[in-house]
Amino acid sequence: MIDQRLGDQIDPLRNDPDAAARQRRLAELGLAHDQPQPRLDAFAAALARDAADLVGGSVPDAMVNLFVGDHQYFAGMHLTAAPNSEAGAGLRQQHTSPDRIMGLDTGWCPHVVARGLPLVLDDVFSMVRFAANPAAANLDIRSYIGAPLLDPDTGVALGTACVIARDPRPYGRAGLEFIKDRAIQATRLITGNAP
């Protein structure tokens with residue numbers, strides 16, 4: 001039983017019951033391929049600016065992340081890390097068009113999709129379960145907020161809207177409400193469902 005729980009922490013989507021339904025729905029929406037979406041890039045840029053306004057500080061990175069097959073794909077992305085910084089260069093090298101792909105064992109979005117619930121980590125190192133994630137060490141990420149993109153037609157999480165930063169951020173309850181609202185907006189943009 002301990003091995004199963006450890007496996008689910010490392011790869012929460014390895015036994016994903018929604019995988020087939022998610023792929024069908026993304027295909028119906030024309031999003032089952034790894035192509036940047038300019039409208040989602042613009043959304044991610046606004047998400048990053050609004051997240052900075054929420055708690056102050058520098059503008060963080062933001063993504064609209066779709067779960068396509070055996071990987072995550074940043075269909076919408078806004079990166080603010082300086083290209084000459086080690087972390088910024090790593091993110092840009094790994095996630096610039098057309099290579100915006102990340103495995104299902106990296107980051108906190110797989111946990112959000114698997115649970116179908118938002119996640120707020122003011123400081124990823126404050127929880128052992130999330131501190132060991134490769135994104136914390138390899139990409140120098142210290143804070144994360146993300147919420148699922150719940151398709152209104154199927155109820156399946158298609159992906160996430162998320163914000164990451166290289167410093168702890170006091171998002172708290174306001175951050176939770178903020179990211180839930182932005183995930184609803186991103187879902188409407190993806191599915192074409194008006195409010």
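In which sense do strand β5 and β6 pair, and over how many bridges? They pair in the antiparallel sense, over 7 bridges. I should say at once that this is a predicted model. I will start with β6 and its neighbours, then move to two helices that pack against each other.

Strand β5 covers residues 143-150, and β6 covers residues 157-165. To place yourself in that pairing, find Pro-148, whose bridge partner in β6 is Thr-160. The two strands form a hairpin with 6 residues between them. In that hairpin, Gly-155 has a positive phi, near 80°.

β6 also pairs with β1, residues 61-68. These strands run antiparallel too, joined by 6 bridges. Here the pair to look for is Met-63, which stands opposite Cys-162 of β6. How many of the 9 residues of β6 are buried? The count is 9 of the 9, so β6 is largely enclosed by the rest of the structure.

Now the helices. α3 runs over residues 38-55, which is 18 residues. From first C-alpha to last it reaches 27 Å, close to the expected 26 Å. Its buried residues include Leu-40, Phe-43, Leu-47 and a number of alanines, among them Ala-44, Ala-48 and Ala-52. Asp-41 is also buried. The elements covering this buried set include β1, β2, β6 and α8. Just past the end of α3 comes Gly-56, with a positive phi of about 80°.

α8 covers residues 172-191. It has 20 residues and spans 29 Å, close to the 28 Å expected. Among its buried residues are Phe-178, Ile-179, Arg-182, Ala-186 and Ile-190. What do the buried residues of α8 pack against? The list is α2, α3, β1, β4, β5 and β6. So the strands I began with, β5, β6 and β1, appear here again. After α8 comes Gly-192, and its phi is positive, near 80°.

Last, the two helices together. Two packed helices are described by the angle between their axes and the distance between the axes. For α3 and α8 the angle is about 165°, and the axes are 11 Å apart. An angle over 145 degrees counts as roughly antiparallel, and therefore α3 is roughly antiparallel to α8. Their crossing is right-handed.

On the α3 side, the residues that meet α8 include Leu-40, Phe-43, Leu-47 and Ala-51. On the α8 side they include Phe-178, Ile-179, Arg-182 and Ala-186.

Key
Residues are numbered from 1 along each chain as its sequence is written. This is a predicted model: local features need pLDDT of at least 70, side-chain atom pairs count only at pLDDT 80 or more; totals for chains, interfaces and linings use all residues. Side-chain values use heavy atoms; hydrogens and water are left out. Helices (H or I, at least four residues) and strands (E, at least two) are DSSP runs, numbered from the N terminus. The expected span of a helix is 1.5 Å times one less than its number of residues. Buried means under 20% relative accessible area, exposed over 50%, partly exposed in between (1.4 Å probe, protein chains only). Contact means heavy atoms within 4.5 Å. Two strands pair if DSSP finds at least two bridges between them. Axes are lines fitted to C-alpha atoms, for helices over the stretch in contact, and angles run from 0 to 180 degrees between N-to-C directions. Angles under 35 degrees count as roughly parallel, over 145 as roughly antiparallel, 65 to 115 as roughly perpendicular and the rest as oblique. A crossing is left-handed if the near helix is turned anticlockwise from the far one by less than a right angle, and right-handed if clockwise.
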